[in-house]
Amino acid sequence: MTDDVRSFHADEEPHHPEGHSTMLGFWIYLMSDCLIFAVLFAVYAVLGRSYAGGPGPRELFDLSLVAVNTSMLLLSSITYGFAMLEMARDRVKPMVVWLIITGLFGAVFLGIEIYEFNHLIHEGAGPQSSAFLSSFFALVGTHGLHVTFGILWLITLLVQVGRFGLTDFNKRRLMCLSLFWHFLDVIWIGVFTFVYLMGLI
Amino acid sequence: MSSHDTHDHAAHDHGTIRSYVTGFVLAVILTVIPFYVVMTGGLPSRDLTVFVVLATATVQIVVHMYYFLHMKPGTEGGWSMISLIFTLIILGIMLAGSVWVMYHLNANMMPMQPDM
């Protein structure tokens, strides 16, 4: 009986090396994050036309700024992809360079978004002016907050790689951040489509 | 067991330069089309403009999923795809349900402003 149990464990355990299910777990986290954004999109869909006599998308949004922002995020997506390709070939230096470029694109994206928010608030179109603007700031702000934490995470991993090298742990972490980063770009497609483009048609 | 491990590691698809560049070019095209259409004042019919914008966004999301997130039916033994489909179903119910319910709620309220 005890023999059976021991052999059972010996057979099964090597099937689950450490970190084996991390990627799937992280993917499921992203799916739950997707639901957070879905709720915010639903709120925007419901409240997005309630201007309370204030300005609407036509008066507020500057599409050329959004186009620049979109290209920043898209460029950061492909540079992260290049970093992952270098990681797969264990080339640390080029990987770090691509990651830094990714982080810079992300920072420019954030800078433009903060400029836009600042501009709106100074025009008197802050989150408290109408239901439309409340839901706009909640949705776009949550995305911006995600990008902010993505950049902080990126910096943390750069320090980790600098100190401990490209260990299996760090590879797994970089792969998780890769999913997170590309996922944010997917959410941004929803944002520029439903908020900016649909608002201006 | 080690063969299992290496197989497992190889299962995490990193893509190739080619696949990333293909995805990037497709994403750029699918971003430029809706921005161009809306920024030049839209197509003659409003419905057609909405359709073009929504269609390009949908295709672009699929492009991102495939080329950047490496989402394929077999990833993680199919569990990634199942959780994605589950999320999409919940998402569809919730978005469509919210808009539907709130629209009818609004429609049944007393009119407030004549302009909308």
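**Notebook: chain B and the cysteines**

I began with contacts (heavy atoms within 4.5 Å) in chain B: of those with a separation of 6 or more, 55% are between residues 24 or more positions apart.

Before going on, I noted that this is a predicted model, where local features need pLDDT of at least 70, side-chain atom pairs count only at pLDDT 80 or more, and totals for chains, interfaces and linings use all residues. Residues are numbered from 1 along each chain as its sequence is written, chains are lettered from A and ligands numbered from 1 in the order in which they are written, and side-chain values use heavy atoms, with hydrogens and water left out.

I looked up the secondary structure of chain B next. I found 4 helices and 0 strands, in the order α-α-α-α from the N terminus. Helices (H or I, at least four residues) and strands (E, at least two) are DSSP runs.

I then checked the surface. Of the 116 residues in chain B, 29% are buried (under 20% relative accessible area, 1.4 Å probe, protein chains only). Chain B exposes about 7700 Å², with 74% of that area supplied by carbon and sulfur atoms; the areas come from the Shrake-Rupley method with a 1.4 Å probe.

Last, I searched the whole structure for disulfides (cysteine sulfur pairs within 2.5 Å) and got 0 over all chains. Why does A:Cys34 form no bond with A:Cys176? The closest cysteine sulfur to that of A:Cys34 is in A:Cys176, 17 Å away, which is too far for a bond. I also noted that A:Cys34 is buried at 16% relative accessibility, and that A:Cys176 is buried at 6%.

How values were computed. Buried < 20%, exposed > 50% of the residue type's maximum accessible area, 1.4 Å probe, protein only.
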